[in-house]
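Take a moment to turn the model around on your screen before reading on. We will walk through it together, beginning with the whole chain and ending with single residues.

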Amino acid sequence: MEVVRKFVDSQNLMSILSLPETFRNRKLEIIIHPVEEQASDTQKQDISLIVQSLIGSIPHTDLTLAELREERLGKYETAN
């Protein structure tokens with residue numbers, strides 16, 4: 001993995017990045033390296049787990065989609 005390392009004056013970064021007050025008027029080291037691509041696979045797994053956890057959380061009714069829509073619209077119309 002390739003890494004870039006550079007030393008800069010904090011004043012050069014203040015317009016680009018919000019820095020803590022303790023970093024003012026100091027030399028700072030910047031290290032840049034690529035993020036591992038595995039993070040996207042982890043995110044996909046997390047979404048899958050979330051979807052699985054939601055299955056069954058909405059009670060099944062015998063109402064049609066149109067009936068559910070009318071029921072919800074009636075509730076929302078009377079809300080302040």
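Among the contacts in the protein chain with a separation of 6 or more, what share comes from residues 24 or more positions apart? The share is 38%. Please keep in mind that you are looking at a predicted model, in which every value is computed from the atoms.

Let us begin with the overall layout. The protein chain contains 3 helices and 2 strands. If you follow the sequence from start to end, these elements come in the order β-α-β-α-α. The chain has 80 residues, and 6% of them are buried. Its accessible surface is about 7800 Å², with carbon and sulfur atoms contributing 56% of that area.

Now look for helix 3, which covers residues 65–78. This helix has 14 residues and spans 21 Å from the first C-alpha to the last, close to the 20 Å expected at 1.5 Å a residue. How many residues of helix 3 are buried? The number is 0, so the helix lies largely in the open. One of the salt bridges of the model joins Arg69 and Glu70, with 3.8 Å between their closest N and O atoms. Arg69 is exposed, because its relative accessible area of 52% is over the 50% cut-off.

That brings us to charged pairs in general. Side chains of opposite charge can pair when their charged atoms come close. The model has 3 salt bridges in total. In one of them, the side chains of Glu29 and Arg5 meet at 2.3 Å, N to O. This pair ties together distant parts of the chain: Glu29 belongs to strand 2 (residues 27–32) and Arg5 to strand 1 (residues 4–9), and the two are 24 residues apart. Are these partners buried or exposed? Glu29 is partly exposed at 39% relative accessible area, while Arg5 is exposed at 56%. Another salt bridge links Glu21 and Arg24, whose closest N and O atoms are 2.9 Å apart. Here Glu21 is exposed, with a relative accessible area of 57%, and Arg24 is partly exposed, with 38%.

The surface has a nonpolar side too. Met1, Val3 and Ile31 make up a nonpolar patch there, and together they have about 340 Å² of accessible area. Met1 sits in the segment before strand 1. With 74% relative accessibility, Met1 counts as exposed.

Next, find Ser10, a residue of helix 1. Is Ser10 buried or exposed? Ser10 counts as buried, because its relative accessibility is 0%, and the cut-off for buried is under 20%. Leaving aside residues up to four places away in sequence, Ser10 touches Leu19, Phe23, Arg24, Asn25, Arg26 and Leu28. You can also trace two polar links from its side chain. The side chain of Ser10 reaches the backbone oxygen of Phe23 at 3.1 Å, and a polar atom of that side chain lies 3.0 Å from the backbone nitrogen of Asn25.

Leu19, one of the residues that Ser10 touches, is found in the loop between helix 1 (10–14) and strand 2. Leu19 is buried as well, with a relative accessible area of 18%. Again not counting residues up to four places away in sequence, Leu19 touches Ser10, Leu13, Met14 and Leu28.

Asn25 also belongs to the loop between helix 1 and strand 2. Unlike buried Leu19, Asn25 is exposed, with a relative accessible area of 66%. What is the sign of phi at Asn25? Phi is positive there, about 55°, although Asn25 is not a glycine. To see why this catches the eye, recall that most residues other than glycine have a negative phi.

Finally, look at Gln11, which lies in helix 1. Gln11 is partly exposed, with a relative accessible area of 42%. Gln11 and Arg26 are 15 residues apart along the chain, and their C-alpha atoms are separated by 8.2 Å. Arg26 is also one of the residues that Ser10 touches, and you can use Ser10 in helix 1 as a starting point for exploring this part of the model again.

Methods: Residues numbered from 1 in each chain as written. Predicted model: local features only at pLDDT ≥ 70, side-chain atom pairs only at ≥ 80, totals over all residues. Heavy atoms only, no water. Salt bridge = Lys/Arg side-chain N within 4 Å of Asp/Glu carboxyl O. Helix = DSSP H or I, 4+ residues; strand = E, 2+ residues; numbered from the N terminus. Buried < 20%, exposed > 50% of the residue type's maximum accessible area, 1.4 Å probe, protein only. Contact = heavy atoms within 4.5 Å. Areas by Shrake-Rupley, 256 points an atom, 1.4 Å probe, with all protein chains shown as cover. Patch = residues over 30% accessible without salt bridge, like charges linked within 9 Å, V, L, I, M, F, W, Y side chains within 5 Å. Polar contact = N/O pair within 3.5 Å; in protein donor to acceptor, adjacent residues only side chain to side chain. Expected span 1.5 Å × (residues − 1).
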